[in-house]
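Trainee: I should be grateful for a close look at a single part of this model, set in the context of the whole chain. Please explain the terms as you use them.

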Amino acid sequence: MVTIAAHVQTDQVMLTVNDDGSGMAPAVLARIFDLFYTTKLGKGGSGLALSILHRLFSSVLGGSITAASMVGQGTTFTLTLPTRAPFRM
């Protein structure tokens, strides 16, 4: 089951995406935002999705994304975005 929650604060929005899946081992969790890191090497995984998402949130949108997980207890992603994306040229 996936649960999505949103909280608006004065100058930012916090989205929390939580699942009750199998979770991730600490070694996997530590690398999930690394470019080309995948647990599905040779099975169609490229290791790009979370790396691109992390870069988009931190660089382009001026926010952040973090993950917390425990094996057998699911995973939680917390996405924090400013209510106004920074102006960049």
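Mentor: Helices (H or I, at least four residues) and strands (E, at least two residues) are DSSP runs, numbered from the N terminus. This is a predicted model, in which local features need pLDDT of at least 70, side-chain atom pairs count only at pLDDT 80 or more, and totals for chains, interfaces and linings use all residues. Residues are numbered from 1 along each chain as its sequence is written, and side-chain values use heavy atoms, with hydrogens and water left out.

The protein contains 2 helices and 4 strands, arranged along the sequence as β-β-α-α-β-β. Its mean pLDDT (the predictor's confidence in each residue, from 0 to 100) is 86, and 88% of the residues reach at least 70. Confidence peaks in strand 1, at 96, and is lowest in helix 2 (residues 49-60), at a mean of 84.

The 4 strands build an open sheet with antiparallel pairing, in the order 1-2-4-3; two strands count as paired if DSSP finds at least two bridges between them. Strand 1 (2-8) and strand 3 (64-70) are at the edges, each with a single partner strand, so one side of each has no neighbour in the sheet. Strand 3 and strand 4 (residues 74-82) run antiparallel and are joined by 7 bridges. Among the pairs in question, Met70 has Gly74 in strand 4 as its bridge partner.

The part I would single out is Ser69, which belongs to strand 3. Buried means under 20% relative accessible area, exposed over 50%, and partly exposed in between (1.4 Å probe, protein chains only). Ser69 has a relative accessible area of 15% and is therefore buried. Two polar contacts involve its side chain; such a contact is a pair of N or O atoms within 3.5 Å, where, within protein, one must be able to donate a hydrogen and the other to accept it, and residues adjacent in sequence count only if both atoms are side-chain atoms. The Ser69 side chain reaches the backbone nitrogen of Met24 at 2.8 Å, and one of its polar atoms lies 3.0 Å from the backbone oxygen of Gly74. With neighbours within four places in sequence set aside, Ser69 is in contact (heavy atoms within 4.5 Å) with Gly23, Met24, Leu29, Gly74 and Thr75.

Pro26 lies in helix 1 (residues 26-29). Pro26 counts as exposed because its relative accessibility is 67%. Its C-alpha atom is 7.5 Å from that of Met70, although the two residues are 44 residues apart along the chain.
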